[in-house]
Structure formats: C-alpha cells, structure tokens
Amino acid sequence: MPLVNNKVGDESTIGADKALAEGKVLVASMIKVVACYRHLASCVGGSTDSLQLRNELRQTREKAQKLAVDICHHLTAHLRDKSLPEEQRKEMELLWVAFSSSLELLHVDLCKVFNMGDIFSVNNTTALVQTGLQGGGSEVAARALSLPDLHQAQTPSLSAGLESQDRSAMEQEISQIDHMIDDMEMKVNVLRWMVEPRGPQYAEALSSTDSSSLVLFSVEEQQPGPPPLCQRSLIFVLLLLFSVVLVAATLSVCLIFLS
C-alpha cells in the first residue's frame with residue numbers, strides 16, 4: 001500500500017508540474033501580447049494612426065482575448081483543486097497575480113482606444129495629432145502574435161465603413177473582460193498582497209560587493225571636507241549684505257538724533 005500511495009503522489013506531482021509549466025507559457029504569452037497592445041494603443045490619434053494600425057489593434061486584442069479565456073480556465077481549475085501541492089499552489093498564485101494584473105492593463109488600454117476612437121477617426125486624417133513619429137507597429141505586433149510577417153498573415157484590412165462595427169465589437173469585448181475580472185475574483189480567492197515574489201531575482205536583495213560599495217559611498221558622503229567654492233561665495237555675499245544693512249541702519253539712527 002505505501003508503494004501505491006507513493007506512486008500516486010509522484011503522478012500527482014508530475015501532473016501539477018506539467019500544468020504549472022503550461023500556465024507559465026500561457027501567462028508569458030499574455031504579458032507579451034498585452035505589452036504589444038499597449039505599444040500600438042499609444043499610436044492612436046497620432047501621425048501614425050491609420051486603417052492598418054486599427055487592424056493590428058483588432059488582431060492583437062483578439063489574440064489577447066483568446067489567451068485570457070484559456071488562462072482563466074487553466075488557472076481557475078487548478079487553484080480550485082484541493083489536492084494541488086503547496087509548492088505548486090504558490091507558483092500558481094503568482095501566475096494568477098501576473099495574469100490578473102495583465103488583464104486589468106488590457107482593460108485600461110481597451111477603454112483608452114475606445115475613447116480615442118470617438119475623438120480621432122481614421123476617415124479624417126487631418127484631425128490627427130502630428131507627433132512627428134514615422135513607421136508603424138507591424139513588426140512589434142507580428143512578434144507578439146508569433147507571425148513571421150503580419151502583412152502576409154493579415155485578414156482583410158478594416159475598411160472605413162466597418163469602423164463603427166469594430167467599435168461595437170470592442171465595446172462587447174471590454175464588457176466581457178470586465179465580467180471576467182469580476183468572475184475571477186469570485187471563483188478564486190487569491191489575496192495579491194499575501195503572494196510573495198519567488199525566484200532567483202528575489203533571493204538576495206544585495207550582494208556583498210553591492211553592500212560594501214553602499215557602505216563606502218555613505219562614509220564618503222559623511223566625511224567632512226572643505227566647502228565648495230560656490231558655498232564660500234554665497235557666505236561672502238551674505239556677510240557683505242549684512243554689513244551694508246548695518247551701516248545703513250547706523251546712519252539712519254545718527255541722522256534722526258542730529259535732526
């Protein structure tokens with residue numbers, strides 16, 4: 001019986017490690033796509049705004065939406081599993097925090113693009129702000145979407161007549177992400193401020209070399225030395241002004257008594 005239990009435990013650990021690895025890949029992809037969307041969103045309303053940019057934004061947010069649904073199902077299923085080992089649970093909670101933060105950033109950028117679309121229309125290029133920037137974000141979007149060439153892999157570009165339909169679809173996606181964020185908080189109770197960072201970058205705050213350098217730097221700051229030239233000049237000017245004021249006051253008193 002103990003051998004059977006050990007075998008079952010090993011299989012459970014292997015399954016949890018595999019799920020954790022899949023979750024890390026999905027969350028990393030989500031972070032990359034959200035960063036790409038933020039980069040493209042910063043160009044809306046500027047001199048690089050165009051139908052091509054709006055089409056790249058649409059493709060990127062569709063990719064982010066699909067990833068968000070997959071990640072939400074994956075992490076929710078495993079975090080609600082009572083048999084998940086403690087070590088894997090902590091890693092899953094870290095992924096959950098990273099994913100929820102990325103989802104909130106995506107929601108903010110979607111609202112930004114939606115509101116900017118009310119002000120700047122691609123049908124009226126004269127109203128765009130001439131920022132002086134040139135080029136587009138096709139290369140950035142292609143890397144985020146894992147495509148060799150975005151121009152070759154694009155679906156037909158968004159025409160000016162379909163701009164209102166695209167805005168309607170974006171409004172629905174914003175509502176879906178908003179609902180997903182609320183649903184996540186209800187299904188999984190992960191307190192962000194209770195999740196501790198893990199990994200080699202958090203293992204040691206300062207190395208011995210860095211700490212000794214900081215000590216030397218603080219000692220050098222505390223060591224007394226001759227005042228700088230500008231400080232001595234300031235002291236001289238203040239003394240001169242004080243002397244002039246004192247002489248003027250003395251002359252005033254003398255004139256008052258003599259009169």
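This is a walk through a predicted model, from its overall make-up to its core and then to a few single residues.

Let's start with the whole chain. It holds 8 helices and 0 strands, so reading from the N terminus you meet α-α-α-α-α-α-α-α and nothing else in between by way of regular elements. The chain has 259 residues, and 31% of them count as buried. Look next at how the chain comes together across its sequence: among contacts between residues at least 6 apart, 83% join residues at least 24 apart.Now turn to the inside of the model. In soluble globular proteins, nonpolar side chains tend to be buried together. Here the largest nonpolar core has 42 residues, and the members that touch the most others are Met30, Met92, Phe99, Leu103 and Leu106. Four helices each give two or more residues to this core: α1 (2-41), α2 (51-79), α3 (86-119) and α6 (163-187). The largest share, 11 residues, comes from α1.

Leu103 is a good residue on which to centre your view. With residues up to four places away in sequence set aside, Leu103 touches Met30, Ala68, Ile177, Met180, Ile181 and Met184. If you colour the chain by helix, you can follow these contacts from Leu103 to Met30 and Ala68, and then on to Ile177, Met180, Ile181 and Met184.

How do α2 and α3 pack against each other? Their axes lie 10 Å apart and make an angle of about 150°. Angles over 145 degrees count as roughly antiparallel, and α2 and α3 are therefore roughly antiparallel to each other. Their crossing is left-handed. On the α2 side, the contact is made by Leu57, Arg61, Ala64, Ala68, Ile71, Cys72, His74, Leu75, Thr76, His78 and Leu79. On the α3 side, the contact is made by Arg89, Met92, Glu93, Leu95, Trp96, Phe99, Leu103, Leu106, Leu110 and Val113. Sorted by type, the residues of this contact divide into 15 nonpolar, 3 polar and 3 charged. Met92, Phe99, Leu103 and Leu106 appear in this contact, and these four are also among the core members that touch the most others.

One residue of that contact deserves a second look. Thr76 lies in helix α2. Is Thr76 buried or exposed? At 8% relative accessibility, Thr76 counts as buried, because the cut-off for buried is under 20%. Leaving aside neighbours within four places in sequence, Thr76 is in contact with Trp96, Lys187 and Val188. Thr76 and Trp96 are 20 residues apart in sequence, and their C-alpha atoms are 8.6 Å apart in space.

Next, move over to helix α1, where you will find Val34. Val34 has 6% relative accessibility and therefore counts as buried. Beyond its neighbours within four places in sequence, Val34 is in contact with Ser102, Leu105 and Leu106. Leu106 is thus a residue you have met before, as one of the core members that touch the most others. A further pairing to look up is Val34 with Glu104: the two are 70 residues apart along the chain, and their C-alpha atoms are separated by 9.9 Å.

Finish in helix α6, with Gln176. At 42% relative accessibility, Gln176 counts as partly exposed. Gln176 and Gln65 are 111 residues apart in sequence, while the distance between them in space is 9.1 Å, C-alpha to C-alpha.

Conventions
Residues numbered from 1 in each chain as written. Predicted model: local features only at pLDDT ≥ 70, side-chain atom pairs only at ≥ 80, totals over all residues. Heavy atoms only, no water. Core = buried A, V, L, I, M, F, W, Y, C linked by side-chain atoms within 4.5 Å. Buried < 20%, exposed > 50% of the residue type's maximum accessible area, 1.4 Å probe, protein only. Contact = heavy atoms within 4.5 Å. Axes fitted to C-alpha atoms, helices over the stretch in contact; angles between N-to-C directions. Parallel < 35°, antiparallel > 145°, perpendicular 65-115°, else oblique. Left-handed = near helix turned anticlockwise from the far one by under 90°. Nonpolar A, V, L, I, M, F, W, Y, C, P; charged D, E, K, R; others polar.
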